[in-house]
Amino acid sequence: MSKEDISRRQFLNYTLTGVGGFMAAGMLMPMVRFAIDPILEKGASQDMVAVTEVSKIGKEPKRFNFKIKQKDGWYESEVTQSAWVYKNSKGELIALSPVCKHLGCTIDWNTDPAHPSQFYCPCHGGRYEKDGTNIKGTPPLAPLDVYDSQVKDGKLYLGKAKPRKGA
């Protein structure tokens, strides 16, 4: 017997190891695919949702709730979201997200007596100007997100909230 010869025992060992590896891979691939599939799927874009009639929107920010359909992996649900909506001095509609950019608490309009006419986050004292710009020296480091919006047939439609550049 030379060094290049393989014994019967080695041949069976290599063969069974290879077959076992293929069987294990065949069993694991569907499980891995099942776990990774939601990550690889392209995220669905959020459709524009009717929120309110434009005639109900004034110069003072007002909170409007609306429902969107959301898909998390395989779970689909209807989620209630909010937006602070008002008309600016040019008459343009502004729709701001109520989520504080510091730690994700919900902000409110004109509720801090020491700082009237500002958005206020009660969690850590964060403040924003009426246009959503963060006030320097307060915890938030970025302005409030702004919803994509459009007006159609006298109604305001909102899409996805998108971040703005900092002030």
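**Exercise 1.** In this predicted model, determine whether C123 is buried or exposed, or partly exposed, and establish which cysteine is its disulfide partner.

*Solution.* Begin with the accessibility: C123 has a relative accessible area of 41%, and because the partly exposed class runs between 20% and 50%, C123 is partly exposed. Next, consider the sulfur atoms, where C123 and C105 lie 2.2 Å apart and form a disulfide, the one disulfide that the structure holds. The torsion about this S-S bond is about -115 degrees, so the disulfide is left-handed. Finally, place the two ends: C105 sits in the loop between β4 (93–96) and β5 (108–109), while C123 sits in the loop between β6 (119–121) and β7, so the pair ties together parts 18 residues apart in sequence. The partner C105, at 17% relative accessible area, is buried.

**Exercise 2.** Explain why C100 and C121 are not bonded to each other.

*Solution.* The closest cysteine sulfur to that of C100 belongs to C121 and is 3.8 Å away, which is too far for a bond, because a disulfide requires sulfur atoms within 2.5 Å. C121 is accordingly in no disulfide. As for accessibility, C100 is buried at 3%, and C121 is buried at 2%.

**Exercise 3.** Describe the chain over residues 12–32 and locate I36.

*Solution.* The unreviewed UniProt entry annotates residues 12–32 as a "transmembrane region"; in the model, this stretch is 100% helix and 0% strand, with its end C-alpha atoms 29 Å apart. I36 belongs to helix α1 (residues 8–40) and is partly exposed, with a relative accessible area of 36%. Together with M27, L28, M31, V32, I39 and L40, I36 forms a nonpolar surface patch of about 710 Å² accessible area.

Conventions. Residues numbered from 1 in each chain as written. Predicted model: local features only at pLDDT ≥ 70, side-chain atom pairs only at ≥ 80, totals over all residues. Heavy atoms only, no water. Patch = residues over 30% accessible without salt bridge, like charges linked within 9 Å, V, L, I, M, F, W, Y side chains within 5 Å. Areas by Shrake-Rupley, 256 points an atom, 1.4 Å probe, with all protein chains shown as cover. Salt bridge = Lys/Arg side-chain N within 4 Å of Asp/Glu carboxyl O. Helix = DSSP H or I, 4+ residues; strand = E, 2+ residues; numbered from the N terminus. Buried < 20%, exposed > 50% of the residue type's maximum accessible area, 1.4 Å probe, protein only. UniProt positions renumbered as here; feature names shortened; annotations may be inferred.
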